[in-house]
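Hi,

Here is the structure I said I'd pass on. Have a look at it first, and my notes follow underneath.

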Amino acid sequence: MENKEYKPVGPGMRRHGPGGPAGSGEKAKDLVGTWKKLLGYCRRYSALIVVALVCAAAGTVLTLIGPDRLSDMTDAITDGVGFDTEKLSDITGQITENITDNFGIVMDAVASNMKGSAAPAEIEVNGSAIPVEDQSLTLTIIGGADMSDEAALRQAMESFPESVRKALFTDIVFDGVTVGAADQAELLKILGSVSDDGEGLAEAAGSLPESVARIIEPSIDLSVVTGIGFTLIAMYAASWLLSIMQHWVMSTVTQRVSKQMRSDISKKINRLPMWYYNRTSTGDVLSRVTNDVDTIAQSLNQSLSTLVSALIMFFGSLIMMLITNGWMTLTAVTASLLGFVLMFAIMGRSQKYFLRQQSCLGNLNGHIEEIYSGHTVVKAYNGEDEAGKTFDELNSKLYESGFRANCLSGLMQPIMSFIGNLGYVAVCVVGGAMALKGKIGFGVIVAFMMYVRYFTQPLSQIAQASQSLQSAAAAGERVFEFLEAEEMSDESGKTKKLGKVGGTVEFDHVRFGYEDSDSVIIHDFSAVAKPGQKVAIVGPTGAGKTTIVNLLMRFNEIQSGEIRIDGISTKELTRENVHEQFCMVLQDTWLFEGTVRENLVYCTEGVSDEKIAEACRAVGLDHYIRTLPHGYDTVLNDQTNLSQGQKQQLTIARAMIADRPMLILDEATSSVDTRTELKIQEAMDKLMENRTSFVIAHRLSTIKNSDLILVLKNGDIIESGTHDELLAKGGFYADLYNSQFDQAS
Ligand SMILES: Nc1ncnc2c1ncn2[C@@H]1O[C@H](COP(=O)(O)OP(=O)(O)OP(=O)(O)O)[C@@H](O)[C@H]1O
Ligand SMILES: [Mg+2]
């Protein structure tokens, strides 16, 4: 024989909390379709969304232009820093030209003087008197020099007599500054020691004659710099304003959308058929109302605009880089991509641990929830050790996966800055080399430092945003699945309405099976309750008693047959109209967080305190309520304060206060003691006077006085009649009654 070992299913075997873990790893089945639906849902706000996206785009474009202007600014500054060598060469050029001109004039004068007249006389050129001996000396010097060689000429000029030299230099005016003869001569002398490739210029610059230094001294063109500065400030301010506006608009849209979504879900809950509740857990619906709507709102708020601006930033910076300089672009892009390859390698590894962490968290939550809600049972079976062990195990697993996931994800930030820095270094090195060769200005390097940042930043933003879009789609899928679930039929067209009812209730060949199962529960149920009658429905567990009253309340729709109230089929009435006819007290009590009074009155209007007290006296609860710290104003909730029986007493009192034409009691007194039950019985009997009532009870003593007893088995009435008739018949009912009677005696 096969020996199967039985493995106990202990606490902690159920792995997920309500709704299951809805986390970052969740993926939508139909990403595009769901986003279409989501955007369709936001259709009313499409104009606003477009405004926000345009703001995001415009702000990004403004930010992108920044580096270009900044590059211009840097160039204006670097140009102004250091001596203006261009002007210096202009000055020397002008001096040389001047000297050449003057040289011609002096030579002409000297030559005509010396050769033309028999007795040469002193002449005056450019305000300098040149004696005869100086003139002849000059001619001798020139005679021995090669005039076509500039260097030789300069050499020759050095040895000219003072009077001639004075005549060669005349004042020149440059940028409004007069450079005198002495200064010109000095400048030429100083520059004579500077080699052609500019070596020695820096030292020479310090000893320039004052007038020349004034012309070429460093001067940043402040008007250009401030002009660009103000443009930049205006651009950044505009970009800041645009981003504020975008956030404001997007927050408005998302908060409105999530409000709308929550209220749609809430309205939907009331339109769902009963069987939906049987199939779906409360936690699941709850997580759709809260978590999923939240996820969608967050994603709408951030991801959409982030994605748009990140994409523009990415391609925009690429375009701007390409426009500015091709080689530098290649450098920046290559460096960034290298970094990203590294990042994705690490991300891919950490993803696995994130998923594991998520599921470990789900398991742990499920376990805690289970142990917490079942703590009495756990204690009763001494399951604490077992539960503790399971907890420790799950906790360690969560620690491990959480540790790894966080360690790896902690690397992300450093890697991101590493990528950025890598880009900076590459741009600086390559840019520096290119600037040395004069291929780019210093400003281009500055611009690229910013472009590298603008280029790498959006990539991780895009990765994050796309993940967020994914989880929003998953959440959206769940929300739309709920919103699109099949609803109860629309009843707004129904015009028939029950006014003051007499109280005849007819079941006419009713047939019913639950929506999600094939088996038929009620096969062919027919019965008539006359006005004011007390009808008891008895039968073994699972016979279909609750099902019958649920059909009467139209919580479920019958498959065939009819249920009529005062001759009108309940199908022709609205559900609300049917519900208005009945007070219903169930075995499951339901109290909400509120005072005793609020719980008693619930949805009934215009109830006097006297009526409340009377009802409580009738069910034997009045005395107890008065002993509570705040009497009828004591706050209750479903978990605490009252015993199971007291809760039943309270719900019965609630039904009495509601005071509706008919009554349904389903095991309403199953939890109270027999003496209290008898007391309630009296009150009930008074309540049932002139009201058609349906009573389901296992304790047959409470329904002995019924006008009609229906004995149900497997959904069929097997016996019916009054207590005495059924006892006399000696059938199923008599057996049932006698067994209880035997027990009691
Ligand atoms: N929501 C549901 N979906 C499917 N089957 C259901 C559902 N509710 C009850 N049933 C089935 O219908 C049958 C009748 O259930 P019902 O609750 O009417 O029994 P009952 O007579 O009220 O039993 P009890 O005396 O234990 O309250 C049972 O076999 C049960 O398994
Ligand atoms: Mg039942």
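The shell around ligand 1 is made up of eight polar, three nonpolar and one charged residues. Bear in mind that this is a predicted model. Going along the chain, the residues around ligand 1 are Asn278, Tyr514, Ser517 and Ile521, then Gly539, Thr541, Gly542, Ala543, Gly544, Lys545, Thr546 and Thr547. Helix α18 (residues 545-552) is the biggest giver here, with three residues in that shell.

Now for the nonpolar cores. The largest one has 61 residues, and Ala536, Ile537, Val538 and Ala653 have the most contacts inside it. Helix α23 (residues 644-658) gives the most to this core, six residues in total. Where does the core sit? It lies between domain 2 (491-581 + 692-745) and domain 3 (583-659), because both of them give residues to it.

If you want to click on something, try Ala653: leaving out residues up to four places away in sequence, it touches Leu600, Ala615, Cys616, Val619 and Leu621. Another core, of 51 residues, lies apart from the largest one, and includes Ile49, Val293, Leu300 and Val333.

One last spot is Ile172, which is in strand β3 (residues 172-174). Is Ile172 buried, exposed or partly exposed? It is partly exposed, as 18 other C-beta atoms lie within 10 Å, and the cut-off for buried is 20 or more. Setting aside neighbours within four places in sequence, Ile172 is in contact with Gln94, Ile95, Asn98 and Val179. The C-alpha atoms of Ile172 and Ile91 are 9.0 Å apart, with the two residues 81 residues apart along the chain.

Cheers

Terms used. Residues are numbered from 1 along each chain as its sequence is written. Chains are lettered from A and ligands numbered from 1 in the order in which they are written. This is a predicted model: local features need pLDDT of at least 70, side-chain atom pairs count only at pLDDT 80 or more; totals for chains, interfaces and linings use all residues. A nonpolar core is a set of buried Ala, Val, Leu, Ile, Met, Phe, Trp, Tyr and Cys residues joined through C-beta atoms within 7 Å. A residue is buried if 20 or more other C-beta atoms lie within 10 Å of its own, exposed if 12 or fewer, and partly exposed in between; C-beta atoms are placed from the backbone. Helices (H or I, at least four residues) and strands (E, at least two) are DSSP runs, numbered from the N terminus. Domain bounds come from an automatic or database domain assignment. Two residues are in contact if their C-beta atoms, placed from the backbone, lie within 7 Å. A residue is near a molecule or strand if its C-beta atom, placed from the backbone, lies within 6 Å of it. Ala, Val, Leu, Ile, Met, Phe, Trp, Tyr, Cys and Pro count as nonpolar, Asp, Glu, Lys and Arg as charged, and the others, Gly among them, as polar.
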